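The exercises below ask for a reading of metal sites, a ligand pocket and strand pairing. Each task is followed by a worked solution.

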Amino acid sequence: MQINQIENPSGSILVYPYWDDDEEINHVLPQKLIKKIENDNKLTPFAKNNYKRYFIDQNDIIVIHIGKKNFINLDSIRQFSSLALKRVKKYLFGEVNIFLFSKKWNLKNNDCIYAFLESLYLSDYRFKGYKKEEKLFDIKKVNIINEDKVSDFDKINEKCRIICDSVKMTRDLINEPANICNIDYIEKKSLQISKENNLNINVIDKKKLEKMGMNLLLAVGRGSIEEPRLIEIKYNQDNKKPTICLIGKGITYDTGGINLKPGSALDDMKSDMSGAATVLGIINACSKLKLSLNLIGLLPLAENSIDGKSFRPGDILVGFNKKSIEIKNTDAEGRLILADALSYSDTKKCNTVIDFATLTGAAIVALGTKITAGFFKNKTIKKKILEAGRKTGEPIWELPLFDDYKEMIKNDISDLRNIGEPPREAGTIIGALFLDEFIENKNWVHLDIAGPAFIKEEAFYNKKGATGVMIRTIIEFLENYNEIVDI
Ligand code: BES
Ligand code: ZN
Ligand code: ZN
C-alpha cells in the first residue's frame with residue numbers, strides 16, 4: 001500500500017470523516033454530502049451505523065462518523081483510519097482519497113497525520129494463515145488530503161512504515177502456531193534479523209546454559225523435545241550513549257507442565273512467546289531507524305511441556321543468582337525463565353532493563369485486554385513510559401511492587417516459592433515481586449502484556465490474534481531516552 005499526501009483528490013473514491021459540530025462542519029464537507037447525511041439521519045458515532053456510502057456527482061463516497069468535536073483525539077483518528085480502510089476494502093479497490101481536518105479538530109498536524117498513517121498500516125494486516133487464498137479487494141494507493149500539508153511527509157511516512165512493518169513481523173511470529181514457530185524458528189528469525197541489520201548475535205545453547213548455571217530456564221525447558229536456549233542480540237550504535245536491555249518471555253507453548261492447563265486455557269498458549277517477539281520487533285525497528293543508543297535483547301526460549309523429564313511441583317531449583325526456589329506450580333514458568341535472564345542482565349551493567357511478558361492470567365482479570373500492567377523502579381522512567389503509552393494509544397496502568405506481599409513468596413525449605421501463598425491473591429503483583437528478587441538494576445521496568453498481546457476480537461487497527469502491543473510505545477520512549485538526564 002502506497003500512501004501519499006496530495007491537495008486534490010485523484011479518482012472517484014472519497015472517504016470523509018463526519019463529526020458532531022453544527023457550526024463548522026457545513027464549511028468543510030461538500031454541501032451535497034451534508035444534505036444527504038442530514039436527510040438520512042442515521043449516522044451515529046463509532047457504533048454499527050457509523051458509516052454510510054453515497055454516490056454524488058460520479059463520486060463513490062464513504063462517510064464515517066468520528067464522534068463529537070471536543071472529544072476528537074489521536075485515538076479517534078486511528079479509529080477513523082482503520083474504519084476507513086475496512087469499509088473501503090469491503091466494496092472497492094485501487095486508489096482511495098481520505099480527507100482529514102487536523103486544524104478543525106485542534107490536533108497538531110504532524111501528530112494527526114502520523115496517527116492516521118500508523119493505523120492505516122497496522123489495519124492493513126492479516127495473518128496469512130494456512131487457508132487457500134481468499135480473494136480480497138486490495139487498496140493500492142491512499143491519498144491523504146488535509147487542510148495543511150506536512151512538510152516532511154516522506155520522512156514521517158518512512159519512519160512509520162518501518163515501525164509498523166516491525167509490529168507486523170512480531171504479529172506474524174506470535175500468530176504462527178507452535179508447531180511452526182518453535183524454538184528453532186525463533187532462533188532462525190533472530191539470526192535473519194541480526195544479519196539484515198548488522199547486529200551481533202550470540203545463541204547460548206543448553207550446554208553453555210548448564211555451565212552458566214541457568215538452571216531455571218533449563219528446568220522449564222526440560223520436558224520438551226527442543227532444547228531451551230538464550231539468545232542475546234546487540235545493537236551497538238554509539239559507545240558514548242547508554243545501553244538499554246530488553247528481555248522477552250519466550251515460551252513457545254505453555255501447556256502448564258505437570259500442572260496442566262485445563263481445557264480452553266490452552267487455546268492461545270502459542271502466544272506465550274509474545275514478549276520475545278516484541279523484543280525482536282523493537283530491535284528490528286530501532287536498528288533500521290538508527291536510533292542513537294545501544295540495545296541488548298535477551299530472549300530466554302523454552303517450551304513448557306509435559307514429559308518424563310519435566311520439572312515437577314516440589315522440585316527445588318537454584319538458578320543463575322543462586323537463590324533457591326521451590327516449585328509450587330509448573331504453570332508459573334514465565335517468572336522462572338525471566339528470573340535467569342534478569343539476573344544475567346545485571347552482569348551487563350545496562351542503564352535500564354525492560355522486560356515484556358505474558359506473565360499472569362491475573363493481569364487479564366485486573367485490567368482486561370486493552371491495558372498493559374506496568375511495574376517501575378524509577379519515577380522518571382515511569383513517567384516517560386506512561387506518557388509514551390498514552391501518546392501511542394497503548395495504555396499502561398501501574399501496579400505496585402508492594403513490599404508487604406514479599407512475605408507471600410517466602411518459603412520454609414527454600415528462599416522462595418514460585419507462586420504466592422495464598423495462591424490466588426494479587427497474582428500480577430506476585431509475579432512482579434518474584435522477578436524483583438532476581439534483578440538489582442535500579443531502573444528496571446516490568447510490563448505484563450498477558451491481556452493485550454493476543455486478543456479474541458478485532459479492535460480497530462488490532463486484528464484478532466497478536467497485536468504487537470508495546471513495540472510502538474517503547475520505541476517512542478527510546479527515541480527520547482537521551483533526554484532523560486537524572487537516571
Ligand atoms: N502464560 C501464562 C499466563 C497467561 C494466561 C498469559 C492467559 C496469557 C493468557 C502463565 O505462564 C501462567 O500460566 N500463569 C499462571 C500463574 C499461576 C500458576 C500463579 C496463571 O496466570 O494462572
Ligand atoms: Zn504458565
Ligand atoms: Zn506462560
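## Exercise 1: Strand pairing

Strands β3 (residues 51-56) and β4 pair in the antiparallel sense, over six bridges. The model is a predicted one.

Task: State what joins β3 and β4, and in which sense β2 and β4 pair.

Solution.
- Step 1. Strands β3 and β4 form a hairpin with two residues between them. Asp 57, in the turn, has a positive phi of about 50 degrees.
- Step 2. For the register, Tyr 54 stands opposite Ile 61 in β4.
- Step 3. Strand β2 (residues 13-20) pairs with β4 in the parallel sense, over seven bridges. Here Ile 13 stands opposite Asp 60 in β4.
- Step 4. Strand β4 (residues 59-68) is mostly covered, with eight of its 10 residues buried.

## Exercise 2: The zinc ion (ligand 3)

Task: List the protein donors of the zinc ion (ligand 3) and explain why the arrangement is octahedral.

Solution.
- Step 1. The protein donors are Lys 249 (NZ), Asp 254 (OD), Asp 272 (OD) and Glu 333 (OE), at 2.0 to 2.4 Å from the zinc ion (ligand 3).
- Step 2. Six donor atoms count as octahedral if opposite donors are over 155 degrees apart and all others lie between 65 and 115. The six donor atoms around the zinc ion (ligand 3) subtend angles of 78 to 175 degrees, and the arrangement is therefore octahedral.
- Step 3. Along the chain the donors of this ion follow the spacing K-x4-D-x17-D-x60-E.
- Step 4. Lys 249 lies in the loop between β9 (243-248) and β10 (250-254), and Asp 272 in the loop between β10 and α9 (274-289), so the pair ties together parts that are 23 residues apart in sequence.
- Step 5. Both Lys 249 and Asp 272 are buried.

## Exercise 3: The zinc ion (ligand 2)

Task: Which protein atoms are donors of the zinc ion (ligand 2), and which residue coordinates both zinc ions?

Solution.
- Step 1. Asp 254 (OD), Asp 331 (O), Asp 331 (OD) and Glu 333 (OE) are the protein donors, lying 2.0 to 2.2 Å from the zinc ion (ligand 2).
- Step 2. The angles among the six donor atoms of the zinc ion (ligand 2) run from 70 to 168 degrees, and the site is irregular.
- Step 3. The donor residues of the zinc ion (ligand 2) are spaced D-x76-D-x1-E in sequence.
- Step 4. Asp 254 lies in strand β10 and Asp 331 in the loop between β13 (324-326) and α10 (334-346), so the pair ties together parts that are 77 residues apart in sequence.
- Step 5. Asp 254 coordinates both the zinc ion (ligand 2) and the zinc ion (ligand 3), which are 3.2 Å apart.
- Step 6. With a relative accessible area of 3%, Asp 254 is buried; Asp 331, at 22%, is partly exposed.

## Exercise 4: Surroundings of ligand 1

Task: How many residues surround ligand 1, and how much of its area does the protein bury?

Solution.
- Step 1. Ligand 1 is surrounded by 16 residues, the closest being Lys 261, Asp 272, Asp 331, Glu 333 and Gly 361.
- Step 2. A nitrogen atom of ligand 1 lies 2.9 Å from an N or O atom in the side chain of Asp 272.
- Step 3. An oxygen atom of ligand 1 lies 2.8 Å from an N or O atom in the side chain of Asp 331.
- Step 4. At Gly 361 the partner is a polar backbone atom, 2.7 Å from an oxygen atom of ligand 1.
- Step 5. Ligand 1 taken alone exposes 520 Å², and the protein buries 77% of that.

Note on methods
Residues are numbered from 1 along each chain as its sequence is written. Chains are lettered from A and ligands numbered from 1 in the order in which they are written. This is a predicted model: local features need pLDDT of at least 70, side-chain atom pairs count only at pLDDT 80 or more; totals for chains, interfaces and linings use all residues. Side-chain values use heavy atoms; hydrogens and water are left out. Donors are N, O and S atoms within 2.8 Å of the metal (3.2 Å for Na, K and Ca); water is not among the atoms, so sites may look incomplete. Four donors count as tetrahedral if all angles lie between 85 and 135 degrees; four count as square planar and six as octahedral if opposite donors are over 155 degrees apart and all others between 65 and 115; anything else is irregular. Helices (H or I, at least four residues) and strands (E, at least two) are DSSP runs, numbered from the N terminus. Buried means under 20% relative accessible area, exposed over 50%, partly exposed in between (1.4 Å probe, protein chains only). A residue is near a molecule or strand if one of its heavy atoms lies within 4 Å of it. A polar contact is a pair of N or O atoms within 3.5 Å; within protein, one must be able to donate a hydrogen and the other to accept it, and residues adjacent in sequence count only if both atoms are side-chain atoms. Accessible areas come from the Shrake-Rupley method with a 1.4 Å probe; for residues, only the protein chains shown count as cover. Two strands pair if DSSP finds at least two bridges between them.
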